[in-house]
Amino acid sequence: MTDHYEALIIGGGPAGLTAGLYLMRAGINTLLCEKVLPGGAPLNTERIENYPGFPEGISGRELMDRFTAQAKAFGLPVREFSEVFGIGQEEGRFVVSLNDGEFTADGLIVASGSEPVKLGIPGETEFAGRGISYCATCDGMFFRGLDVAVIGGGDSAIEEALSLANIVNKVYVVHRRDSLRAQKILQERAFNHPRMEFVWNARPVEVTGGREVEGLVVEDTVTGRRNTIAVSGVFFYVGYQPNTAFVAGYVDRDPTGYIITDDRCATRTPGLYAAGDVRKKALRQISTAVGDGAVAAVSLERYVLERKG
Ligand code: NAP
């Protein structure tokens with residue numbers, strides 16, 4: 001027998017947890033399935049300063065623990081280590097296949113977030129867990145007192161480079177251009193930090209080492225000259241790829257894989273909504289994920305009520 005819910009949320013980040021909170025308060029029978037543990041991408045962020053309500057800033061973990069506690073306080077069931085690998089439709093219901101079972105639902109909210117992009121350079125896979133990381137918050141402590149490189153020039157790279165700079169001896173920020181795309185306030189902090197050095201116009205080519213990482217080979221995009229930066233760790237922050245493959249047959253996606261919705265977070269399939277970082281939109285932040293979660297939940301609530309008649 002397959003359990004049936006009125007609403008099923010895929011993903012327990014800020015968007016999914018907000019949607020769960022709203023749906024439970026609306027009296028909709030809801031299940032949230034999360035691939036690992038609830039919290040999503042902010043769990044990898046040391047300090048969050050641009051989510052309103054916390055004038056001193058708050059750690060990503062504490063903020064997301066609060067999101068989870070609030071949703072659970074309204075009775076939201078959160079199924080952990082429950083990964084969706086496919087969805088289908090039968091008799092007007094969605095069928096959701098997970099690694100640990102199958103559920104049906106009247107409507108779905110896809111809030112499955114995104115994964116760090118891999119650069120695919122030699123050494124990146126070989127040294128995974130031996131000096132290569134995609135999460136400074138998780139792994140920074142292993143590099144206390146050592147030199148590391150951060151690849152990328154966006155908000156993630158600079159924010160995480162700043163957090164690493166408080167732990168390690170030196171952070172080389174390796175960027176393929178000669179200016180950053182990160183927010184100005186982050187740029188100013190980074191340029192003024194005594195333990196940060198910028199390597200401009202540098203294309204990462206290879207991670208080298210023996211048992212563990214010992215260097216990052218970069219190529220100057222202007223001269224073509226190659227040079228090895230001696231580091232014990234390399235942190236990659238070259239963007240994110242949305243987790244939307246499992247839903248591809250039911251939604252329109254842009255060339256990168258982001259789900260195209262209308263302003264009610266509705267996809268081209270009735271009853272199927274998308275929220276958070278998986279959505280094609282102008283700004284991906286916790287605040288916009290929260291907004292999406294609320295909008296998708298209210299849209300789904302109306303859909304469920306209309307079906308009931
Ligand atoms: P991003 O903004 O897409 O930046 C990716 C960075 O990696 C860019 O600097 C890019 O260089 C570089 N890059 C991409 N492909 C590369 C390649 N093949 N080789 C070398 N470098 C490469 O990604 P993000 O920083 O992870 O941010 C993702 C989203 O989350 C953004 O919307 C961001 O604003 C948001 N975010 C916000 C906060 C915050 O508000 N505090 C924190 C983190 C993330 P180019 O600049 O040359 O393209």
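**The ligand shell and helix H4**

Among the 19 residues around the ligand (those with a heavy atom within 4 Å of it), Asn 50, Asp 155, Ser 156, Arg 177 and Arg 181 come nearest. The model is a predicted one, in which local features need pLDDT of at least 70 and side-chain atom pairs count only at pLDDT 80 or more, whereas totals for chains, interfaces and linings use all residues. Residues are numbered from 1 along each chain as its sequence is written, and side-chain values use heavy atoms, with hydrogens and water left out.

Domain 1 (3-115 + 240-308) and domain 2 (118-236) both contribute residues to the shell, so the ligand lies between them; the domain bounds come from an automatic or database domain assignment.

Three oxygen contacts can be followed in turn: a polar side-chain atom of Asp 155 lies 2.6 Å from an oxygen atom of the ligand, a side-chain N or O atom of Gln 183 lies 2.9 Å from a ligand oxygen atom, and a backbone N or O atom of Gly 153 also lies 2.9 Å from an oxygen atom of the ligand. Taken alone the ligand exposes 910 Å², of which the protein buries 77%, the areas coming from the Shrake-Rupley method with a 1.4 Å probe.

With 3 residues, H4 gives the most to this shell. Helix H4 (residues 155-165), a DSSP run of H or I with at least four residues, is largely enclosed by the rest of the structure, because 8 of its 11 residues are buried, meaning under 20% relative accessible area (1.4 Å probe, protein chains only). Those buried in H4 include Ala 157, Ile 158 and Glu 160.

Notes
Buried < 20%, exposed > 50% of the residue type's maximum accessible area, 1.4 Å probe, protein only. Helix = DSSP H or I, 4+ residues; strand = E, 2+ residues; numbered from the N terminus. Polar contact = N/O pair within 3.5 Å; in protein donor to acceptor, adjacent residues only side chain to side chain.
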